[in-house]
Amino acid sequence: MRLREPLLLLVLASGCASTVTGRIQPVHFQFTTIVSHSGAGSGGWRVACVHARINNGGTHESYTCPIGVEMPVANTELGLMSTAVAQRIAADCANEAAYAVLSSMTRVIPPPLYTLCTSVRTAYDTRLSAAVIGSRVMRTCDPRAKPVVFGIPAPGA
């Protein structure tokens, strides 16, 4: 049995600059450049931090899922990436990862929120590192990144 549709909007779903609740937007990824790009080839480094707040409407349980995003400013495959492009890629990959995790859930009772967080973060890392070689998703945020809180609707609500 599949979970009810509101759970599919629980976190991030595929990303076309929509304002639908539950989808993370590019603006949630406030990148800070911590290593400047030299202007030639691959290089530079930027970080962002999203604190995805997951709330279970049935139990009123709440969990904050920190998601650290680290991405090169330029790489061989994509060249120099503007902040806007980095934000769009980060949001699209996050939305795809969350949708993949949530749509594969078959239990009526959702897993513990921290487990859901870990599963989404792992799926996100796989997608982001494939989209931008050298990128990674971390369990913690770089202290130089400005945390942005993203509220997530309740599972099973």
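**Exercise 1. Determine how β3 and strand β5 pair, and over how many bridges.**

Solution. In this predicted model, β3 and β5 (residues 136-138) are antiparallel partners, and three bridges connect them. One facing pair can be named: G68 stands opposite M138 in β5.

**Exercise 2. Find the other strands that pair with β3, and state the sense of each pairing.**

Solution. Step one: take strand β2. Strand β3 covers residues 62-75, and twelve bridges join β2 to β3 in an antiparallel arrangement. Two facing pairs illustrate this register: V50 is opposite I67 in β3, and H51 is opposite P66 in β3.

Step two: take strand β4. This strand spans residues 79-80 and runs antiparallel to β3, with two bridges between them. N75 has G79 as its bridge partner in β4. Three residues separate β3 and β4, and the two strands form a hairpin.

Step three: check the burial of β3. Ten of its 14 residues are buried, so the strand is mostly covered.

**Exercise 3. Locate G43 and decide whether G43 is buried, partly exposed or exposed.**

Solution. Step one: G43 belongs to strand β2. Step two: the relative accessibility of G43 is 23%. Buried requires under 20% and exposed requires over 50%, so G43 counts as partly exposed. Step three: look for a distant part of the chain. N75 is 32 residues away from G43 along the chain, yet their C-alpha atoms are separated by 6.4 Å.

**Exercise 4. Describe how strand β1 is attached to β2.**

Solution. Strand β1 comprises residues 32-35 and strand β2 comprises residues 43-55; the two pair in the antiparallel sense over three bridges. Within this pairing, T32 stands opposite V47 in β2.

**Exercise 5. Classify the ring pair formed by F29 and F31, and describe its surroundings.**

Solution. Step one: count the pairs. With ring centres required to lie within 6.5 Å, the count is two aromatic pairs. Step two: classify. F29 and F31 have a centre-to-centre distance of 6.5 Å and an angle of 25° between their planes. Planes under 30 degrees apart count as stacked, so the F29 and F31 pair is stacked.

Step three: extend the group. Ring pairs link F29, F31 and Y124 into a cluster. Step four: check burial. The relative accessible area is 1% for F29, which is therefore buried, and 13% for F31, which is buried as well. Step five: look for a charge. R46 lies over the face of F31, at 5.8 Å from the ring centre.

**Exercise 6. Describe the packing of helix α2 against helix α3.**

Solution. Step one: α2 runs over residues 83-103 and α3 over residues 113-131. Step two: two packed helices are described by the angle between their axes and the distance between the axes. Here the angle is about 135° and the axes are 8 Å apart. Step three: an angle over 145 degrees would count as roughly antiparallel, and 65 to 115 as roughly perpendicular. The angle falls in neither range, so α2 and α3 are oblique to each other. Step four: the crossing of α2 past α3 is right-handed.

**Exercise 7. Place these elements in the overall fold.**

Solution. The protein has three helices and six strands. Along the sequence, their order is α-β-β-β-β-α-α-β-β. Of its 157 residues, 44% are buried.

Notes
Residues numbered from 1 in each chain as written. Predicted model: local features only at pLDDT ≥ 70, side-chain atom pairs only at ≥ 80, totals over all residues. Heavy atoms only, no water. Phe/Tyr/Trp six-rings, centres within 6.5 Å; stacked < 30°, edge-to-face > 60°. Buried < 20%, exposed > 50% of the residue type's maximum accessible area, 1.4 Å probe, protein only. Lys NZ or Arg CZ within 6 Å of the ring centre and 35° of its normal. Pairing = 2+ DSSP bridges. Helix = DSSP H or I, 4+ residues; strand = E, 2+ residues; numbered from the N terminus. Axes fitted to C-alpha atoms, helices over the stretch in contact; angles between N-to-C directions. Parallel < 35°, antiparallel > 145°, perpendicular 65-115°, else oblique. Left-handed = near helix turned anticlockwise from the far one by under 90°.
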